[in-house]
Amino acid sequence: KETEEVFKVKKSSYSKKIVKQLKKEYKEDLEKSKVRTEVNSPTDVERPLEKTGHTKDIGHEDGTANSEHGEEEMEVESEKEEEKPKAGGAFSSALSALNVLRPGEIPDAAFIHAARKKRQMARELGDFTPVDSEPGKSRLVREDENDASDDEDDDEKRRIVFAVKEKSQRQKIAEEIGIEGSDDEALVAGEQDEELSRWEQEQIRKGINIPQACVQPSQPAEVNNLYYQNTYQTLSYGSSYGIPYTYAAYGSSENKSQKTDNTVPFKTPSNEMTPVTIDLVKKQLKDRLDSMKELHKANRQQYEKHQQSQEDSTKAIERLEGSSGGIGEQYKFLQEMRGYVQDLLECFSEKVPLINELESAIHQLYKQRASRLVQRRQDDIKDESSEFSSHSNKALMAPNLESFGRDRVIYQEQVKRRTAEREARRARRRQAREQTGKMADHLEGLSSDDEETSTDITNFNMERDRILKESSKVFEDVLESFYSIDCIKSQFEAWRSKYFASYKDAYIGLCLPKLFNPLIRLQLLIWTPLEGKCRDFETMLWFESLLFYGCEEQEQVKDDADISLLPTIIERVVLPKLTVISENIWDPFSTTQTSRMVAIVQKLVDGYPSVVNAENKSTQMLLKALLLRMRRTLDDDVFMPLYPKNILENKNSGPYLFFQRQFWSSVKLLGNFLQWYGILSNKTLQELSIDGLLNRYILMAFQNSEYGEDSIKKAQSVIACFPKQWFTNLKGDKTISQLENFCRYLVHLADTIYRNSIGCSDVEKRNAREHIKQVIKLLASIQALDHAVTVANDHNVKELKILIEGK
């Protein structure tokens, strides 16, 4: 608006007045011969500018100065300068220097300063080009187009040239007053090239922000001016960039081609605006619409992609939330099981030593009782052997005694006490047999002397009750879930049923036998299969509880360790306990204990073949314990006395009874050894029973026995102990090699019976012949056919075939 007000000033009246004044002042300045050279000192021309607040730099080589001001300040300054009389004179003196400079001469600083002041004053006093009065040719001309000041004002750096410029007002004034314009034009021409390059750079920078106005050359000038006025009024470039803009008037093509004498020609900028048409706008709008459609399509695809990703993420979240619930429950369950197992192991680490102590105590108690009975039997044999030995005397009976006989008295008292107790036990057993009617079939030595005194029984029961009471207190301070087999089993069954994979990975099936081991051993604390009232382990609670563990209705997993839970417990609990019983408690002389021991071992062999076999270490330990106990009995407890036949003729004498008792006890032991047939190997049994017992002890007794019916009866008892399987698969006419001595004794027995019958009555001969036939049957029963044929031929027995077949 300020610029438009300036344009409305009547420039013609100002111009005439200024021209007259300048002419007058110029004539006065020509008279002066000397131009002021002190450029840097303050002048009258500078004072009006200093009052307005503008600063100017003087003395640059390029003759440029920077100034910033507005249109209103320019008008105010021009009025103030007119009022001051000194201003005109100073300015006229500065103008006088313009005529002094010769063509081609380099202007000095004073000249440049004067020229700059001249241009400044002309601009402030309204030096405008008059507007044409013809319609359609009226244009606005921007003043000082050729001003070469560098940074004095930003307006001069940013201007738009639409037509060829005419002469400026300043040039016209200079022509009127007679000043040659060559010097000024030379200065301005040098500045215009630099100004044009700056103008182009500024136009390029603001080409994006400045709106392009549509100008049609066919329209009238007034319409164009109005269009540009309305367009640029909305965006004040002077207010944005600090540059006052004016507009050059458009003229006809003829006026554009015409040039004034003092004007400098300008080239049209290369970045001149392209005319905008409706088709161009429509094309641009269409292109923009297409680009927006493409962008919308891309955004739509991206949106659909994000939607699909969101749906997939939602489904994944739902799936993971569903699966995480199971994993969370599994983690919680496994953490609870971990804590439970840790507590269980801590509990067992404290209680297992107590269980071991109780188990050792009960084993020691039974061992002491068994040892006491064995020691009593051995003492009885020693006492009877010393009593009935014809070669014994007082010194032999009690060696290492003092000469005064005090220890001998003590020894004799002990012997008498043991004898009295032994006879009392035998009397009670005899009375018991009489009451049951078994007295006729009984033979002395076949009964087991395992009777205990009331004192021993009482002490044994008291100690056993104490151990049982202590065992009941082991878990009294523990929750049931940590010592009850059912509770512990239920915990691991829940783990197996819910998370079998982790259950299998943790090898729980291999750990359970060891985990249940202390609890089962505590229940088997007083379990002894040698006693008649002993309960079968398969009827116990722990066996019934673990019987169906891991046997669900679902399909069984291959190599499932839970299937072998009970066999593994048998291997690790029952077999070790039987090993201890066999080595320390079992008495091979007791037929009852041997039968029970054989029964329990045979049951394990038949029921648990995967465990109780020759390759299993626990089974090997059990069998080894059995053999050691049998060999120890054979070496320490078997005794066969040797008496002359005249002593044995008295069947009521003590030596005869003792001899018969030891013989039959040996035969009973032979039968007890051979009960292990099928469990122990044939070679081992034959070594123990035939070589160790029959040939070593029993045949000695046969040689001292009476040849006749008594010897045949004893031979039948011995052969009855042999397993028939030994002789079933024999090939040829010979029996096993270990029985050759026994067969020769039978042949000798038949010959002795025959010799003793010579010269006797027919009845005795007939009895002798029957005894010979019985010997042939005995030989045939043990597959000694060669010896049987020999006896039959020697004694003319024709019924050999019948005797062999009727064996």
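The exercises below, each with a worked solution, concern a predicted model of a protein chain.

**Exercise 1. Overall make-up**

Determine how many helices and strands the protein chain has, and what percentage of its residues are buried.

Solution. Begin with the secondary structure, where the count gives 31 helices and 0 strands in the protein chain. Turn next to burial: of the 807 residues in the protein chain, 41% are buried. The accessible surface that the chain presents comes to about 46400 Å², and 51% of this area belongs to carbon and sulfur atoms. Finally, consider the contacts with a sequence separation of 6 or more, of which 76% are accounted for by residues 24 or more positions apart.

**Exercise 2. The nonpolar core**

Identify the residues with the most contacts inside the largest nonpolar core, and find which helix contributes the largest share of the core.

Solution. The largest nonpolar core has 126 residues, and those with the most contacts inside it are F492, F537, W542, W676, F722, F742 and L746. Helix α12 supplies the largest share of this core, with 13 residues. Taking F492 as one example, and leaving aside its neighbours within four places in sequence, one finds it in contact with M337, V341, Y503, I508, L512, L515 and Y549.

**Exercise 3. Salt bridges that link distant parts of the chain**

For the salt bridges E359 to R521, R426 to E384 and E451 to R428, work out where each partner lies, and then decide whether the partners of the third pair are buried, partly exposed or exposed.

Solution. The structure holds 24 salt bridges, and three of them are taken in turn here.

1. The side chains of E359 and R521 form a salt bridge with an N to O distance of 2.6 Å. This pair links distant parts of the chain, since E359 belongs to helix α12 and R521 to helix α18 (residues 508-523), with their positions 162 residues apart. Both E359 and R521 are buried.

2. R426 and E384 meet through their side chains in a salt bridge of 3.0 Å, N to O. Here too distant parts of the chain are linked, with R426 in helix α14 (residues 406-436) and E384 in helix α12, 42 residues apart. R426 counts as buried because its relative accessibility is 8%, and E384 is likewise buried, because its relative accessible area is 4%.

3. The side chains of E451 and R428 form a salt bridge of 2.6 Å, N to O. The partners are 23 residues apart, with E451 in the loop between α14 and α15 (454-472) and R428 in helix α14. E451 has a relative accessible area of 23% and is therefore partly exposed, while R428, at 43% relative accessibility, also counts as partly exposed.

A further step looks beyond single pairs: salt bridges that share partners join R369, R372, E452, D456 and E531 into one network.

**Exercise 4. Two lysines**

Classify K714 and K773 as buried or exposed, and list the residues that each one touches.

Solution. K714 is found in helix α26 (residues 709-721). Its relative accessibility is 0%, so K714 counts as buried. When residues up to four places away in sequence are not counted, K714 touches F659, Q660, F663, W664, F702 and S705. K773, for its part, lies in helix α29 (residues 762-781). The relative accessible area of K773 is 15%, which is under the 20% cut-off, and K773 is therefore buried. Apart from its neighbours within four places in sequence, K773 is in contact with V797, E799 and L803.

**Exercise 5. A surface patch and the cysteines**

State which residues form a nonpolar patch on the surface, and then establish how many disulfides a search of the whole structure finds.

Solution. The patch consists of V276, V281 and L285, which together have about 230 Å² of accessible area. Of these residues, V281 has its place in helix α12 (residues 278-388). At 34% relative accessibility, V281 lies between the 20% and 50% cut-offs and so counts as partly exposed.

For the second part, recall that a disulfide is a covalent bond between the sulfur atoms of two cysteines. A search of the whole structure finds 0 disulfides. Two cysteines may still be classified by burial: C347 is buried because its relative accessible area is 11%, whereas C760, at 26% relative accessibility, counts as partly exposed.

Methods: Residues numbered from 1 in each chain as written. Predicted model: local features only at pLDDT ≥ 70, side-chain atom pairs only at ≥ 80, totals over all residues. Heavy atoms only, no water. Disulfide = S-S within 2.5 Å. Buried < 20%, exposed > 50% of the residue type's maximum accessible area, 1.4 Å probe, protein only. Patch = residues over 30% accessible without salt bridge, like charges linked within 9 Å, V, L, I, M, F, W, Y side chains within 5 Å. Areas by Shrake-Rupley, 256 points an atom, 1.4 Å probe, with all protein chains shown as cover. Salt bridge = Lys/Arg side-chain N within 4 Å of Asp/Glu carboxyl O. Helix = DSSP H or I, 4+ residues; strand = E, 2+ residues; numbered from the N terminus. Contact = heavy atoms within 4.5 Å. Core = buried A, V, L, I, M, F, W, Y, C linked by side-chain atoms within 4.5 Å.
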